[in-house]
Structures are given as C-alpha cells and as structure tokens.
Amino acid sequence: MVDRVYKGAIPQFKTRLRELRREFASIKTRTDWNRLRVEPLLRHVESLEAVLRSKRHAAQISRLTRGVSMFHSDLVYLQHNLQELSKTLERERRTET
C-alpha cells in the first residue's frame, strides 16, 4: 500500500517542483530559490523515481515493504518542502510588486 502511494506521489512532487521552478524564474528575488532549494529537491525526486523504476528495486520490493517508515519520511520531507516553497513564492510575489 505505502509503495503504491509512494510511487504515485513522487511524480506529483516532480511536476510541482517543475512548476515552482518556472514560477520562481518568472519573478525577481534577492534569493535564487531555484538554485538553493528547487533544483536540489528536483534532483532528489528524480533519483528516487529512477530507483523506483529500476529492475533491482522490483526484485527487492518484498524487503522494502518493511521500510515503511522510510517511505513515509521521504513523502513527509518532500511535502513539507513543497508547502514551504509555495509559501515563499507567495511572499516573494508580494514583495516584488
């Protein structure tokens, strides 16, 4: 179950990070949020996605289900970062105008 949720959430996070990257690029800020947070998170998500698609992962799936807390921690970490980046984007937009 967690594996299915995890596999579904990772592409959603990737899509949202790409949107945030585009949105941050469209405004002028004193901090380069894309380089500071968005790009590293995007690389992290892409590496997780690559692991999920690998044949090696599929062969070890039964062992990975025992690591539910690790799956959950990835999801919480990424979700929290996306929420904070969205808040930061809104603050930056307000100060830009």
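# Notebook: a predicted five-helix chain

**Entry 1. The core.** I began with the largest nonpolar core, which has 21 residues. Those with the most contacts inside this core are Y6, I10, F13, L17, F24, L78 and L85. I then looked up which elements give two or more residues to this core, and found α1 (2–25), α2 (33–53) and α5 (68–96). I added a general remark to the page: in soluble globular proteins, nonpolar side chains tend to be buried together.

I took Y6 from that list and looked up its neighbours. Leaving aside residues up to four places away in sequence, Y6 touches L48, L52, F71, D74 and L75.

**Entry 2. Confidence.** I noted that this is a predicted model. The mean pLDDT of the protein chain is 85, and 84% of its residues reach 70 or more. I asked where confidence is lowest and where it is highest in the protein chain. Helix α4 (residues 61–64) has the lowest confidence, with a mean of 56, while α2 has the highest, at 92.

**Entry 3. The chain as a whole.** I counted five helices and zero strands in the protein chain. Along the sequence the pattern reads α-α-α-α-α. The protein chain has 97 residues, and 32% of them count as buried. I also checked contacts between residues at least 6 apart in sequence: 83% of these join residues at least 24 apart. The accessible surface of the protein chain is about 6,800 Å², and 53% of it belongs to carbon and sulfur atoms.

**Entry 4. Salt bridges.** How many salt bridges does a search of the whole structure find? The search finds eight.

I looked at the pair E49 and K14, whose side chains meet in a salt bridge at 2.8 Å, N to O. E49 lies in helix α2 and K14 in helix α1, so the pair ties together parts that are 35 residues apart in sequence. I checked whether these two residues are buried or exposed. E49 and K14 are both buried.

Next I looked at E23 and R16, whose side chains meet in a salt bridge at 3.6 Å, N to O. E23 has a relative accessible area of 22% and is therefore partly exposed. R16 counts as partly exposed because its relative accessibility is 24%.

I then turned to R93, which forms a salt bridge with E90; the closest N and O atoms are 3.1 Å apart. Both residues lie in helix α5, three residues apart, about one turn of the helix. R93 has 29% relative accessibility, so R93 counts as partly exposed. E90 is partly exposed too, with a relative accessible area of 38%.

I asked which residues are linked with R16 and R93 in a network of salt bridges. The network links R16, E19, E23, E90 and R93.

**Entry 5. A buried charge.** I ended with E92, which is found in helix α5. E92 is buried yet has no salt bridge. What is the nearest side chain of opposite charge to E92, and how far away is it? It is R91, at 6.6 Å. A salt bridge requires the nitrogen and the carboxyl oxygen to be within 4 Å. I also listed what E92 touches, again not counting residues up to four places away in sequence: F24, I27, T29 and W33. Among these, F24 had already come up in Entry 1, as one of the residues with the most contacts inside the largest nonpolar core.

Definitions and conventions
Residues numbered from 1 in each chain as written. Predicted model: local features only at pLDDT ≥ 70, side-chain atom pairs only at ≥ 80, totals over all residues. Heavy atoms only, no water. Core = buried A, V, L, I, M, F, W, Y, C linked by side-chain atoms within 4.5 Å. Buried < 20%, exposed > 50% of the residue type's maximum accessible area, 1.4 Å probe, protein only. Helix = DSSP H or I, 4+ residues; strand = E, 2+ residues; numbered from the N terminus. Contact = heavy atoms within 4.5 Å. pLDDT = per-residue confidence, 0-100. Areas by Shrake-Rupley, 256 points an atom, 1.4 Å probe, with all protein chains shown as cover. Lys, Arg positive; Asp, Glu negative; His and termini not counted.
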